[in-house]
Amino acid sequence: MKFNTKTIHGGQQPEAATGAVMPPVFLTSTYAQSSPGEHQGYEYSRGANPTRTALENSFAAIENGTHGFAFSSGLSAIDCVLRLLNPGDEVIAGDDLYGGTYRMFTRLFKKYGLEFTFVDMNSVANVTSAITEKTKLVWLETPTNPLMKIADIAAISSAVKNKNEAILITVDNTFATPYLQQPLNLGADIVMHSATKYLGGHSDLVMGALMVKDQKLAEDIHFIQFAAGAIAGPMDSFLALRGIKTLHIRMQRHCENGKAVAHFLKNHPKVGKVYYPGFESHPNHEVAKKQMKDFGGMVSFRLKDQSKEAAFKFLENTHVFTLAESLGGVESLVNHPTTMTHASIPEPERLKIGITDSLIRLSVGIEDEEDLLADLDKALSL
Ligand code: P1T
C-alpha cells in the first residue's frame, strides 16, 4: 500500500464480531477467561486492549514498522525508550529539543545514572566525535522544536552504526510526521511521536507513540509498556486512529499554509529572522529537501524589535492563531517558547542556542490562507 492508503487501511480490518468498519471503543479493563489462562488473546487492558491494538497496528503501518506502541503521552513514550538503557549508559542528543524532553533527560534520568551529551546535529561529525564506549542511544529531533534545525537521519544513522552497530538511533518524528519523512527507512531503530500533535491532529488528546521494525526491540518495548504501565486508553486510541485517517490531507494543507506564512513573514517589514527549512537560505535546506517530502506547518520567527514587550504585544493580539502550548492540530496556534514550552530549560542553555524572548513559534493550521495572513498582518501592525 502507498502512504495515503495506509493512513486509512494500514493494519486495519473490520471488527471480527460485527464487521464494524471502525473498531468499537472497548471500555473494559478485563476479559473473561473460560479456564485459568484460557482466553481470546486479551487478559487485562494494561497488556492489550482491542481499540489500542487497532491504533498500534496503524502506528506500525504508517511508519513502515512492524510494531507500534501507544502511550499515555509523548513523554511517557520517551520514558519507555530511556528505560531500555542501564545506569552508566550514555546518550547523545540534539542541542535543540522540546523543553519537556530536555527536562526528562537532565532532571529525571540523570538521577538514575544516565549521562547526556547535547550536540548540534547539523554536522554528522559532532555526533560521531561524541561517541564513547558507553554510548547506547542517539536521540534526534528533526525538525527541532522550536528552532527548526534539520538533522540528516540517514547520514547520522550510518555513521553511528559504522562506529558501533549496537547504538540505538531514535528519531522524534513529531514535527515531520511519516507523511514527510519515515526514519525507519533511513536507518533509525525507533521512531517516537507526541501523537498529541499531528497524528491525533485535533487537539483533543494527549498520547505518545513508538514504532520499530525489530522483533527483539519490540519485545523489550512491550515489556516496559506493560511493566511500567503508561498506556493509552481506549477512547484516546479511537480518537487517534480517527485522526490518522486524514493525516495525509491535513499535512498537505499544513505544508501549503506553512509555506505561505513563512514567505509572508520573510517579506514583512516588522519581521526579522524566519526559521523555516523550506527556504533555500536555511542552513540545512538541502538535507531537508532530500529527506522530507515537503517542509511542514511549523514556522518560528523573531520580530525586528527584539524586546519581550514587542513579542508579547504580538502574542496578545492574534485571533485566528490562538496563544497556546502544543501544535499539529487543525487550528493555528502561536507560542512563546521562553515562557511556555521551553521554560524548563535553564536560561543560559536557552540563550546559548538562541531561544530568546524575541522568538515566536507558529503551528500553522488548515484554515484559509487569507485569514491566517490577515491575522498575522493585523497583530504585526499594532
Ligand atoms: O506533550 P507530550 O504528548 O507528552 O509530548 C512531548 C513532546 C515530545 N516531542 C516533541 C517534539 C514535542 O513537541 C512534545 C510536546 N510539545 C509541546 C507540547 C509543544 O508545544 O511544543
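**Reading charges, cysteines and odd backbone angles**

Me: I see that Cys 255 counts as buried, at 1% relative accessibility. How many disulfides are there in this structure?

Reply: Keep in mind that we're looking at a predicted model. The general idea: a disulfide covalently bonds the sulfur atoms of two cysteines. The test here is a distance, with two cysteine sulfurs needing to sit within 2.5 Å of each other. By that rule, the count comes to 0 disulfides. Cys 80 is another buried cysteine, with its own relative accessibility at 1%.

Me: OK, on to charges. How many salt bridges does a search of the whole structure find?

Reply: The idea is to look for a Lys or Arg side-chain nitrogen within 4 Å of an Asp or Glu carboxyl oxygen. Run over the whole structure, the search finds 13 salt bridges. One of them brings together the side chains of Asp 120 and Lys 149, at 3.5 Å from N to O. Asp 120 sits in the loop between β3 (115-119) and α5 (124-128), while Lys 149 sits in the loop between β4 (135-141) and α6 (153-163), so this bridge ties together parts that are 29 residues apart in sequence.

Me: Are Asp 120 and Lys 149 buried, partly exposed or exposed?

Reply: The cut-off to remember is that anything under 20% relative accessible area is buried, and anything over 50% is exposed. Asp 120 comes out at 24%, so it is partly exposed. Lys 149 has 15%, which means it is buried.

Me: Which salt bridge does Lys 259 make?

Reply: Lys 259 pairs with Asp 294, again with 3.5 Å between N and O. To read a bridge like this, check where each partner sits in the fold. This pair links distant parts of the chain: Lys 259 belongs to helix α10 (residues 247-266), and Asp 294 to the loop between α11 (285-291) and β9 (298-303), 35 residues apart. Lys 259 is partly exposed at 35%, whereas Asp 294 is buried at 19% relative accessible area.

Me: And how should I read the salt bridge between Glu 286 and Lys 289?

Reply: Look at the spacing in sequence. Glu 286 and Lys 289 are 3 residues apart in helix α11, so about one helical turn separates them. Their side chains meet at 3.7 Å, N to O. Glu 286 is exposed at 54% relative accessibility, and Lys 289 is partly exposed at 46%. Elsewhere, salt bridges with shared partners join Asp 95, Asp 120 and Lys 149 into one network.

Me: Which residues form the negative surface patch?

Reply: For patches, you want residues with over 30% relative accessible area and no salt bridge, with like charges joined within 9 Å. Here, Asp 368, Glu 369, Glu 370 and Asp 371 make up a negative patch on the surface. Asp 368 is found in the loop between β12 (359-363) and α14 (369-381), and its relative accessible area of 47% makes it partly exposed.

Me: Let's do the backbone. Where are the cis peptide bonds?

Reply: Most peptide bonds are trans. Thr 142 and Pro 143 are joined by a cis one, with omega at about -5 degrees. Another cis bond joins Asn 145 and Pro 146, where omega is about 10 degrees. Pro 143 lies in the loop between β4 and α6, and that loop is the place of Pro 146 too.

Me: What is the sign of phi at Met 148?

Reply: Away from glycine, phi is negative for most residues. Met 148 goes the other way, with a positive phi near 60 degrees. The loop between β4 and α6 is where you'll find Met 148, and the residue is buried, with a relative accessible area of 1%.

Ser 203 also has a positive phi, about 55 degrees, although it is not a glycine. Its place is in the loop between β6 (190-194) and β7 (208-212). At 44% relative accessible area, Ser 203 is partly exposed.

Me: One last thing. How many Å separate the C-alpha atoms of Val 271 and Phe 105?

Reply: Treat sequence separation and distance in space as two separate readings. Val 271 and Phe 105 are 166 residues apart along the chain, and 34 Å separates their C-alpha atoms. Val 271 sits in strand β8 (residues 271-275) and is buried, with 3% relative accessible area.

Note on methods: Residues are numbered from 1 along each chain as its sequence is written. This is a predicted model: local features need pLDDT of at least 70, side-chain atom pairs count only at pLDDT 80 or more; totals for chains, interfaces and linings use all residues. Side-chain values use heavy atoms; hydrogens and water are left out. Helices (H or I, at least four residues) and strands (E, at least two) are DSSP runs, numbered from the N terminus. Buried means under 20% relative accessible area, exposed over 50%, partly exposed in between (1.4 Å probe, protein chains only). Patches are made of residues with over 30% relative accessible area and no salt bridge: like charges are joined within 9 Å, nonpolar side chains (Val, Leu, Ile, Met, Phe, Trp, Tyr) within 5 Å. Accessible areas come from the Shrake-Rupley method with a 1.4 Å probe; for residues, only the protein chains shown count as cover. Lys and Arg count as positive and Asp and Glu as negative; His and the chain ends are not counted. The place of a charge is taken as NZ of Lys, CZ of Arg, CG of Asp or CD of Glu.
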